[in-house]
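Subject: Structure handover

Hi,

Here is the structure I promised to pass on to you. Have a look at it first, and then read on for what turned up when I went through it.

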Amino acid sequence: MLHVLGESRTLILDARSPEEYRGERVGAPPGPDIGAMRYGRIPGARHLFFNDLLNADKSFRSREELRAIVDAQGVAADKDIIAYAA
């Protein structure tokens with residue numbers, strides 16, 4: 001990870017909860033606030049909460065909706081993508 005930080009061709013996507021991304025929790029709500037070694041996120045990471053990719057019934061959104069969501073985060077074919085959730 002250290003060698004790709006700040007590289008324009010690499011996009012880091014953080015799929016954790018908004019609270020974890022903001023550094024308010026180390027564990028996903030509503031569970032206990034335990035898990036990560038420290039609060040916060042990888043510098044330069046963009047937030048793409050995994051739940052935002054799902055419909056209310058937990059099925060994936062349509063292809064068009066998914067494309068709009070990932071495009072808004074800068075996902076592109078010429079980027080190396082690193083996604084993490086823990």
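Let me begin with the pocket that ranks second in size. Strand 1, residues 10-14, gives the largest share of the lining of this second largest pocket, namely three residues. The pocket has a volume of about 160 Å³. Its lining counts 14 residues, and those closest to the centre are Glu7, Thr10, Leu11, Ile12 and Gly44. By character, the lining of the second largest pocket divides into six nonpolar, five polar and three charged residues. Please keep in mind that this is a predicted model, and that goes for everything below as well.

Now for the chain as a whole. Its secondary structure comes to two helices and three strands, and these follow the pattern β-α-β-α-β along the sequence. The C-alpha trace spans about 40 × 35 × 15 Å along its principal axes. Of the 86 residues in the chain, 28% are buried.

Salt bridges may interest you at the bench. Side chains of opposite charge can pair when their charged atoms come close. How many salt bridges does a search of the whole structure find? The search finds five, and here are some of them.

- Arginine 9 and aspartate 80 meet through their side chains in a salt bridge, at 3.1 Å from N to O. This pair links distant parts of the chain, 71 residues apart: arginine 9 is in the segment before strand 1, and aspartate 80 is in strand 3 (residues 80-84). Arginine 9 counts as partly exposed because its relative accessibility is 49%, which lies between the 20% and 50% cut-offs. Aspartate 80, at 39% relative accessibility, is partly exposed too.
- Arginine 16 forms a salt bridge with aspartate 14, side chain to side chain, at 2.8 Å from N to O. Are these two residues buried or exposed? Arginine 16 is buried, and so is aspartate 14.
- Glutamate 65 and arginine 61 also meet in a side-chain salt bridge, with 3.7 Å from N to O. Glutamate 65 is partly exposed, at a relative accessible area of 34%, and arginine 61 counts as partly exposed at 29%.

On the surface, Met1, Leu2 and Leu5 make a nonpolar patch of about 310 Å². Methionine 1 sits in the segment before strand 1. With a relative accessible area of 41%, methionine 1 is partly exposed.

Two further spots are worth a look while you have the model open. The first is lysine 58, in the loop between strand 2 (46-47) and helix 2 (63-72). What is notable about the phi of lysine 58? It is near 75°, a positive value in a residue other than glycine. Lysine 58 counts as exposed because its relative accessibility is 53%, and the cut-off for exposed is over 50%.

The second is glutamate 19, which is found in helix 1 (residues 18-21). Glutamate 19 has a relative accessible area of 25%, so it is partly exposed. Between glutamate 19 and leucine 66 there are 22 Å in space, C-alpha to C-alpha, and the two are 47 residues apart in sequence.

That is the tour. Do write back if you would like to go through any of it together.

Best wishes

Note on methods:
Residues are numbered from 1 along each chain as its sequence is written. This is a predicted model: local features need pLDDT of at least 70, side-chain atom pairs count only at pLDDT 80 or more; totals for chains, interfaces and linings use all residues. Side-chain values use heavy atoms; hydrogens and water are left out. On a 1 Å grid over the protein atoms alone, a cavity is a set of points where a 1.4 Å probe fits but cannot get out, and a pocket is an open set with protein on both sides within 12 Å along at least five of seven lines; lining residues have an atom within 4 Å of a point. Grid points are joined across faces, edges and corners, and a volume is the space filled by probe spheres set on the points. Helices (H or I, at least four residues) and strands (E, at least two) are DSSP runs, numbered from the N terminus. Ala, Val, Leu, Ile, Met, Phe, Trp, Tyr, Cys and Pro count as nonpolar, Asp, Glu, Lys and Arg as charged, and the others, Gly among them, as polar. Patches are made of residues with over 30% relative accessible area and no salt bridge: like charges are joined within 9 Å, nonpolar side chains (Val, Leu, Ile, Met, Phe, Trp, Tyr) within 5 Å. Accessible areas come from the Shrake-Rupley method with a 1.4 Å probe; for residues, only the protein chains shown count as cover. A salt bridge is a side-chain nitrogen of Lys or Arg within 4 Å of a carboxyl oxygen of Asp or Glu. Buried means under 20% relative accessible area, exposed over 50%, partly exposed in between (1.4 Å probe, protein chains only).
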